[in-house]
Amino acid sequence: MTLKRNILLVGAVLLASGGLAQAEMVATTVNDLNVRAGPGPQYPAVGLATRGSTAVLDGCIEGSRWCRVDVNGMRGWVYADYLQMDYGGNQVIVEQHRAEIGVPVVTYESTASVVTADPQPAPGDELIGPVGAVETITPPETVRTYIETNPTETVRLGGDVVVGAEVPADVTFQTIPDYEYRYTRINDRPVLVDPGTRRIVYVYQ
């Protein structure tokens, strides 16, 4: 009986600590981003957190941009560059102010082998820009055929490849005959881009 009581007390302490951590470490997503099962783009997405979602921040891996969060009922990993928190009355990006905010350090141990044949974006790679509103499109099948028959080199960028994300200015696009949108390949995923806004309008799976 005493053991059971002690276990319950420990559980209560952990829950209380969790509540305190939530109050201290609440962040907001500044971008639409995939919540992933592990700290890396090679891990599957468990869901999409829309821009402005409230995320409870558990902590970030030391020397990495990846942080573990609870957001919209999902628990997983996202980029610290796409999280902001209140610090001194101002909203700051978590990645840029981890030390001042006091973000806890967490670790990750994979329970299964995750094999990726292609190199992933490195910590210093340029990030995809913030997500903005774009018109939903359904490209004709001829566009897919053109992309498959006219491959281009992939561009490595940090962050999630999602519709509405802005592509950095130094990335070049390939023209598609008789079509208003351009195409490029980001992290081995073909995407269609509006050349005027440089925003992704379609991502091929």
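How many helices and strands make up the secondary structure of the chain? The chain comes to three helices and 14 strands. The structure is a predicted model, and the legends below describe it as a whole and then in several close-up views.

**Figure 1. Overview of the predicted chain and its 205 residues.** Of the 205 residues in the chain, 40% are buried. The accessible surface amounts to about 11400 Å², and carbon and sulfur atoms account for 52% of that surface. Among the contacts in the chain with a separation of 6 or more, 62% are between residues 24 or more positions apart.

**Figure 2. The disulfide between Cys60 and Cys67.** A disulfide is a covalent bond between the sulfur atoms of two cysteines. A search of the whole structure finds one such bond, and it joins Cys60 to Cys67 with an S to S distance of 1.8 Å. The torsion about this S-S bond is about 90°, and the disulfide is therefore right-handed. Are the two cysteines buried or exposed? Cys60 has a relative accessibility of 1% and counts as buried; Cys67, at 0%, counts as buried as well. The threshold for this class is under 20% relative accessible area.

**Figure 3. The surroundings of Cys60.** Which residues does Cys60 contact, leaving aside its neighbours within four places in sequence? The list consists of Trp66, Cys67, Ala80, Val94, Arg98, Val103, Pro104, Val105 and Val106. One of these, Cys67, is also the disulfide partner of Cys60.

**Figure 4. The largest nonpolar core, with 26 residues.** In soluble globular proteins, nonpolar side chains tend to be buried together. The largest nonpolar core of this model has 26 residues. Those with the most contacts inside the core are Leu57, Cys60, Val69, Val71, Leu83, Met85 and Val94. Five elements give two or more residues to this core: strand S2 (33-36), strand S4 (54-61), strand S5 (66-71), strand S6 (74-79) and strand S7 (83-87). Apart from this core lies another, of 12 residues, which includes Leu157, Val167, Val171 and Ile200.

**Figure 5. Salt bridges of Asp58 with Arg68 and Arg75.** Side chains of opposite charge can pair when their charged atoms come close. The structure holds nine salt bridges. In one of them Arg68 pairs with Asp58, and the closest N and O atoms are 3.1 Å apart. Arg68 lies in strand S5 and Asp58 in strand S4, so this pair ties together parts that are 10 residues apart in sequence. Both residues are partly exposed, with relative accessible areas of 23% for Arg68 and 21% for Asp58. The side chain of Asp58 also meets that of Arg75 in a salt bridge, at 2.8 Å from N to O. This second pair links distant parts of the chain, with Arg75 in strand S6 and Asp58 in strand S4, 17 residues apart. Arg75 is partly exposed, at 46% relative accessibility.

**Figure 6. A salt bridge within helix H3.** The side chains of Glu148 and Arg144 meet in a salt bridge, at 3.8 Å from N to O. The two residues are four residues apart in helix H3 (residues 141-149), and they are therefore separated by about one helical turn. Glu148 is exposed, with a relative accessible area of 54%, whereas Arg144 counts as partly exposed at 28%. Elsewhere, salt bridges that share partners join Asp58, Arg68, Asp70 and Arg75 into one network.

**Figure 7. Ser64 in the loop between S4 and S5.** Ser64 lies in the loop between these two strands. Is Ser64 buried or exposed? Ser64 counts as buried because its relative accessibility is 18%, and the class covers values under 20%. When its neighbours within four places in sequence are left aside, Ser64 is in contact with Glu95 and Arg98. Arg98 is also among the contacts of Cys60.

**Figure 8. Thr184 in strand S12.** Thr184 has its place in strand S12, which spans residues 182-186. At 2% relative accessibility, Thr184 counts as buried. Not counting residues up to four places away in sequence, Thr184 touches Thr152, Val155, Val171, Thr172, Phe173, Arg189, Pro190, Val191 and Val193. One of these, Val171, also belongs to the core of 12 residues.

Definitions and conventions. Residues numbered from 1 in each chain as written. Predicted model: local features only at pLDDT ≥ 70, side-chain atom pairs only at ≥ 80, totals over all residues. Heavy atoms only, no water. Buried < 20%, exposed > 50% of the residue type's maximum accessible area, 1.4 Å probe, protein only. Contact = heavy atoms within 4.5 Å. Disulfide = S-S within 2.5 Å. Core = buried A, V, L, I, M, F, W, Y, C linked by side-chain atoms within 4.5 Å. Areas by Shrake-Rupley, 256 points an atom, 1.4 Å probe, with all protein chains shown as cover. Salt bridge = Lys/Arg side-chain N within 4 Å of Asp/Glu carboxyl O.
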